[in-house]
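Visitor: I should like a close look at a single part of this model. Please begin with one buried position and work outward from there.

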Amino acid sequence: MKVTVVGAGAVGASCAEYIAIKDFASEVVLLDIKEGYAEGKAMDLMQTASLNGFDTKIVGSTNDYSKTAGSDVCVITSGIPRKPGMTREELIGINAGIVKTVSASLIEHSPNTIIIVVSNPMDTMTYLVHKATNLPKNRIIGMGGALDSARFKYRLAEALGAPISDVDGMVIGGHSDKGMVPLIGKAARNSVKVSEFLSEERMDQVVQDTKVGGATLTGLLGTSAWYAPGAAVSAMVQAIACDTKKIFPCSALLDGEFGLNDLSIGVPCVLGANGIEKIVEISLTDAEKAKLAESAEGVQKTNGLLDL
């Protein structure tokens with residue numbers, strides 16, 4: 001299993017680190033446009049191998065896509081990060097050009113690869129890769145729901161005073177502060193609905209805290225988060241590499257599912273060796289359907305800014 005991560009910044013490097021530590025890949029290629037940057041990050045990470053007990057080989061490359069040849073999974077994290085006060089949507093003009101070029105270069109050297117898009121605005125960048133390439137739709141996946149759901153579970157565990165391993169929850173919809181749809185009605189603690197433990201007011205607070213999870217961290221750190229995004233990507237890559245058939249909310253190109261067409265947005269997906277093995281059309285309440293439809297409108301509006 002060979003994995004390429006484009007963008008050796010905080011998210012890309014964290015992603016490479018988590019993949020290596022899990023030790024399911026034979027090689028991880030870390031690529032960046034900044035001279036020597038990916039090579040330095042790769043060397044630093046390789047020097048942890050004996051300490052962390054992994055045998056994955058990590059290789060750095062300065063914009064040499066030939067080193068990515070034969071990658072089973074390629075992760076695109078490249079693009080400028082979100083700055084304080086900046087929305088994900090404002091990133092589109094700059095990041096669209098970067099993502100389009102990167103995806104073409106990856107496919108040139110790895111025509112059978114599965115692409116995971118992390119660059120923001122993520123749903124729109126995922127849609128762009130679909131439109132700019134000829135890959136089957138199951139092989140282009142947007143990472144957003146996996147991260148948002150992890151943040152949702154963190155807030156749920158906090159509110160419940162419970163260990164996170166006891167908590168389950170999912171966020172669908174667009175990967176944006178306004179677009180997220182945390183499914184609080186389906187959230188549970190060890191199969192018991194959280195409404196058995198939390199007041200309506202407290203559940204509403206969990207939902208709101210989840211939706212501004214990224215913006216909260218940006219305000220605290222002065223830049224986007226990296227540990228949780230890197231971990232979310234590595235979990236998705238592992239599901240594909242190990243063909244686990246785990247369900248993650250992912251940005252998938254929809255063709256009638258949930259009543260939506262011609263857009264990529266977060267929905268529950270089974271991930272395995274073929275990428276998106278299946279889109280799971282879970283039942284939604286009327287309120288959840290309305291929120292998902294509203295989220296889709298927002299994503300479509302951002303998609304309209306693309307120069308396709």
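Guide: A residue is called buried when its relative accessible area is under 20%, exposed when it is over 50%, and partly exposed in between, with a 1.4 Å probe and protein chains only. The model is predicted, so local features need pLDDT of at least 70 and side-chain atom pairs pLDDT 80 or more, while totals for chains, interfaces and linings use all residues. Residues are numbered from 1 along each chain as its sequence is written, and side-chain values use heavy atoms, without hydrogens or water.

The starting point is T68, which has a relative accessibility of 0% and therefore counts as buried. T68 belongs to the loop that runs between strand 3 (57-62) and strand 4 (73-76); strands (E, at least two residues) and helices (H or I, at least four) are DSSP runs numbered from the N terminus. When neighbours within four places in sequence are set aside, T68 is in contact (heavy atoms within 4.5 Å) with K2, T4, V29, L31, L106, H109 and S110.

That loop also holds N63. The residue is not a glycine, yet N63 has a positive phi of about 60°. Because its relative accessible area is 42%, N63 is partly exposed, whereas T68 in the loop between strand 3 and strand 4 is buried.

The loop leads to strand 4, where V73 and V75 point one way, C74 and I76 point the other way, and all four are buried. In general, the side chains of a regular strand alternate between the two faces of the sheet. Strand 4 has strand 1 (residues 2-6) as a parallel partner over four bridges, pairing being assigned where DSSP finds at least two bridges. Strand 4 also pairs with strand 5 (residues 114-117), again in the parallel sense and over four bridges. The residue I76 can be followed into each of these partners: V6 stands opposite I76 on the strand 1 side, and V117 is the bridge partner of I76 in strand 5.

From strand 5 the chain enters the loop to helix 5, in which P121 lies. P121 is joined to N120 by a cis peptide bond, with omega of about -5°. Helix 5 (residues 122-132) meets helix 10 (residues 286-303): the axes, lines fitted to C-alpha atoms over the stretch in contact, with angles from 0 to 180 degrees between N-to-C directions, come within 9 Å and cross at roughly 60°. Helix 5 and helix 10 are therefore oblique to each other, since angles under 35 degrees count as roughly parallel, over 145 as roughly antiparallel, 65 to 115 as roughly perpendicular and the rest as oblique. On the helix 5 side this contact is made by D123, T124 and Y127, and on the helix 10 side by V299, T302 and N303.

A second helix pair may be set beside this one. Helix 6 (residues 145-160) and helix 9 (residues 227-241) have axes that come within 9 Å and cross at roughly 120°, and are therefore likewise oblique to each other. Here A146, L147 and R151 of helix 6 meet A228, P229, A232 and M236 of helix 9.

Elsewhere, strands 7, 10 and 11 form an open antiparallel sheet in the order 7-10-11. Its edges are strand 7 (167-168) and strand 11 (192-193), each of which pairs on one side only. Strand 10 (residues 188-189) is joined to antiparallel strand 11 by two bridges, and R189 stands opposite V192 of strand 11.

Finally, an accessible site lies ahead of strand 3. G53 sits in the loop between helix 3 (49-52) and strand 3 and is exposed because its relative accessible area is 56%. Apart from neighbours within four places in sequence, G53 is in contact with D23 and T48. Of these, D23 occupies the loop between helix 1 (10-22) and strand 2 (27-32); with a relative accessible area of 34%, D23 is therefore partly exposed. Although not a glycine, D23 has a positive phi of about 60°. For a sense of distance across the model, the C-alpha atoms of G53 and K211, 158 residues apart along the chain, are separated by 36 Å.
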